[in-house]
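Student: I have a structure to look at, and I would like to learn how its descriptive terms are justified. Could you show me and take my questions?

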Amino acid sequence: MEGNKSPANYDQRFAVLSYEQVRRLHKIMDEVVPIHGRGNFPTLEVKLKDLVHVVRGKLEKDAVSVKDIRLNGGAASHVLTPENSPYNDLDLIFGVDLSNQRSFDKVKAAVLDSLLDFLPEGVSKNRISSCSLKEAYVKKMVKVIEGDRWSLISLSNNRGRNVELKFVDVMKRKFEFSVDSFQIILDSLLLFYDCAEVPMDENFYPTVVGESVYGDFQEALYHLNKKLIATRNPEEIRGGGLFKYCNLLVRDYEPANPEDIKTLERYMCSRFFIDFSDINQQQVKLESYLANHFMGDSQSKYEYLMILQRVVDESTVCLMGHERRQTLSLIEELAHQVYFQEQSRLFAKTRSLQLYDPWSVGQQFHFGRGFFYTPYVSAQPATYPSCPCPWTSCV
């Protein structure tokens, strides 16, 4: 079970990365990521390795000790198995002491002050306040002090690849499923950047260690390679775990233990409605998740909503009937919006390419795993009056 820290089990949590994995890690850390500013603020062109170096330096200068720095989430899974692990956000974890409010303030100040260092030349930095930087470049800020102690500062990216800096002192539940439990310890790679005088190659690269906080690195890696869904202590998964679970299903992951999946689904639905009891909260949370994880992919977004609707419909046991129907109606409405927007886009594309029969009464638009027959009023020649009938042509 998770939390058993005998030497044998503790060693199973860790593994040394291969050269190919270290090379992929280096590519992520060395890639330029734009941080888009709002209003007149310019876009910052940032490499993760430079951002980490600057933030850590400012923290240590302000007497905040950094125990280690890790790459987490989808990017870490991509380093290990790129074929099965597309990723959106870039999640970095800084291990720090947050035992008092002053430490939280220092963390925020360090991040905002670091953004000044990446402003383009010619920008007058002296006239920019930390409040202005927050409004311009920070997508969201979270502080947790009850039970756990951690904070999150998410930097904006209009393409859905936000840079998420998480500063963690205490976090009891560090993963949702085994496939997202990987954390890659970056300290040796960062030291390599500071000290190495020759480029990295197959015969000369740092020893980088990864950890699975699921508890067994090889088992979690097997789940990732085989696209299997597994977890431990599902009752501890926060409300957002329901969204993550449905995202795995839409990417063709399957339960590692099918006989237990209904119990898992009931746990996740119950926790979701505990954490987000109000329909407005549910809508905000769901729309935010769709925007962050399905940008430009209407087909997957629609399939995701259909899967979410099925899971909520079949596995919700903690709600009154009208509350359950309210949530299902929300999901269905969002699915209809996605379908209509995709239909409109395809219709506009078809018209612009003139690949449709102007006398047809409808067209078939492929969408999801099937297609919909979609009647519409066709464009008529200029000498004919428009037809008011939406389903059949007038004779």
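**Why these terms apply**

Tutor: Let's start with Ser178, which counts as buried at 0% relative accessibility. This is a predicted model, where local features need pLDDT of at least 70 and side-chain atom pairs count only at pLDDT 80 or more, while totals for chains, interfaces and linings use all residues. Residues are numbered from 1 along each chain as its sequence is written, and side-chain values use heavy atoms, leaving out hydrogens and water.

Student: Why is Ser178 called buried?

Tutor: Buried means under 20% relative accessible area, exposed over 50%, and partly exposed in between (1.4 Å probe, protein chains only). Ser178 has 0%, so the word buried applies.

Student: What makes Arg13 and Glu211 a salt bridge?

Tutor: A salt bridge needs a side-chain nitrogen of Lys or Arg within 4 Å of a carboxyl oxygen of Asp or Glu. For Arg13 and Glu211, the N to O distance is 3.0 Å, so the pair fits the definition. Arg13 is buried at 11% relative accessible area, and Glu211 is buried at 7%.

Student: How do you know that Lys172 is exposed?

Tutor: Its relative accessibility is 58%, so Lys172 counts as exposed. Its salt-bridge partner is Asp148, with the closest N and O atoms 3.7 Å apart. Asp148 is buried, at 11%.

Student: Why is Asp313 called partly exposed?

Tutor: Asp313 has 33% relative accessibility, so partly exposed is the right term. Arg324, at 23%, also counts as partly exposed. Asp313 and Arg324 form a salt bridge, their closest N and O atoms being 2.2 Å apart.
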